Amino acid sequence: MSLSPAISAADPATPNFVVFLVDDLGYMDIGANNPNCFYETPNIDRLSESAMRFTDGYAANPVCSPTRYSMMTGKYPTRAGATNFFSGKRSGTFNPAPLTSHMPLDEITIAQTLKQRGYGTFFAGKWHLGESEEYFPQNRGFDVNVGGHTGGGPYTGKRYFAPFQNPQIEVESPDGDHLPDRLSRDAASYIEANKDSPFLVYLSFYSVHTPLMGRPDLVKKYQAKAAAIEGVEFGEEEQVLGNSPRKVRVLQKHAVYAAMVEAMDQAVGKVLKQLVESGVADNTVVVFTSDNGGLSTSEGLPTSNLPLRGGKGWVYEGGIREPWIIRYPGVTNPGSVSKQPICSIDLFPTIAAAAGIEFDHLVDGVDLRPALEGRSLDRKSLFWHYPHYSNQGGIPGGAIREGDYKLVERYEDGRVHLYDLASDIGEATDLASEMPDRVAQMRDRLHAWYQSVDAKFLQPKDGAVPWQPAFRETLEN
């Protein structure tokens, strides 16, 4: 790793970084992406107006821990066998693939990389990247950790309201304090205290993950708003887990979820305001994204991702296409929009490049600065690998996107589907039988990628044997 001499916060070649990572926020859950959004997100929308918004931004996985791994390391999580939330081992028709339930200690995180460049590093919120303290943020490059531990949700104390009883929140909040506001206050305080030296603030909200709990004032507001909305709320979705029919939400009008979204937006606004008040907004790169698609097919079905199909836990677009907004002062044009496909694996190399850091270890992502400048990225393919039965009913499967085409491969039986996202963003029309040559080419590249990252697949159950790609069959025989 190549480092430069000592740096200061005033040096435009070494900007500060603020990363907002929202849990379970769908692509259609912000006004910037959805003019008809039921939820109100004025602060995120204003950020978009001052930044570049990506229409084709993705998470590396349809559930949380793998995507968080990818953002920390710049790698596809399949390389480490970190292919489901930690530790999700549900079986279905077959047993799931073997699962690594932590981010290995030899991985180099973006926080460790920036610390070697002289940056202060702050983490707040959901971590979910390891089962014990050696895997927690304070031992993975962060100087400060507020609330990040093994839990995948705010499941201690009164959950989203104090007392939180979170083992990594050192000073408890007064009774009734709201978790997203608490995390944003701590982030804002860190910015003010460290405004004279470069910093990384990584605010990883527990919101808007279950349990579905909203501030009473906001819930009341959205109950009134929902009462005026008519239409069918739920539709039918494919059933791959269990015997009960699976529903999918097709209309946004869940008042509690809306309250959670707006409270998160207010917390984002508090941090953005602090950047201005601390005098560092013009030298701070701001990134806003989510770890997987909106929750639409289980656990309360609180949001609709339409026109995207599916949601959290699915390799359809509703499960992996995310809000992505990046403001890089002096680089991005305010209010610009990019259709370049990007992914959570790109965060590490982009931040490292912006900080002037050269690294010599393996990273799968690419530096997004060409796209941020309005140019094309030199990227042929993006890949997904989810060899599990999600809590949300999603199919065990993989996918590859090249240009506007996306190939989905099912791991139970090896069937494939081909979609043209330019004309069919809802993945309703399967073109596989019409375009066999394209299917064969994309499938070959997907299987070559499986081999390159040592992908694992579904395992036998009760004598039943699942499909395996040919190279796995060869290895195991």
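The paragraphs below walk through a predicted model, taking a sheet, a pair of helices and two cysteines in turn.

We begin with the sheet, and it helps to recall that strands of a sheet pair through backbone hydrogen bonds, either parallel or antiparallel. Here four strands form an open sheet in the order β12-β13-β14-β15, and their pairing is antiparallel. Because β12 (382-386) and β15 (416-420) stand at the edges and each has a single partner strand, one side of each is left without a neighbour in the sheet. On average, and ignoring direction, neighbouring strands of this sheet are turned by 15° against each other. If you follow β12 to its partner, strand β13 (residues 397-402), you will find that five bridges join the two, and that His 385 stands opposite Gly 398 in β13. Helix α10 (residues 436-452) packs on this sheet, where it touches β12, β13, β14 (405-410) and β15, and its direction makes about 65° with that of β14.

Elsewhere, two helices pack against each other: α1 (residues 42-49) and α6 (residues 255-277) have axes 7 Å apart and meet at an angle of about 50°, and they are therefore oblique to each other. On the α1 side the contact is made by Pro 42, Asn 43, Ile 44 and Leu 47, while α6 contributes residues including Met 264, Val 268 and Leu 272. Sorted by class, this contact has six nonpolar, three polar and one charged residues.

Finally, consider the cysteines, given that the structure holds zero disulfides. The sulfur of Cys 343 has its closest cysteine sulfur in Cys 64, and because these are 15 Å apart, they are too far for a bond. Cys 64 is buried, with a relative accessible area of 3%, and Cys 343, at 0% relative accessibility, counts as buried too.

Note on methods:
Residues are numbered from 1 along each chain as its sequence is written. This is a predicted model: local features need pLDDT of at least 70, side-chain atom pairs count only at pLDDT 80 or more; totals for chains, interfaces and linings use all residues. Side-chain values use heavy atoms; hydrogens and water are left out. A disulfide is a pair of cysteine sulfur atoms within 2.5 Å. Buried means under 20% relative accessible area, exposed over 50%, partly exposed in between (1.4 Å probe, protein chains only). Axes are lines fitted to C-alpha atoms, for helices over the stretch in contact, and angles run from 0 to 180 degrees between N-to-C directions. Angles under 35 degrees count as roughly parallel, over 145 as roughly antiparallel, 65 to 115 as roughly perpendicular and the rest as oblique. Contact means heavy atoms within 4.5 Å. Ala, Val, Leu, Ile, Met, Phe, Trp, Tyr, Cys and Pro count as nonpolar, Asp, Glu, Lys and Arg as charged, and the others, Gly among them, as polar. Two strands pair if DSSP finds at least two bridges between them.
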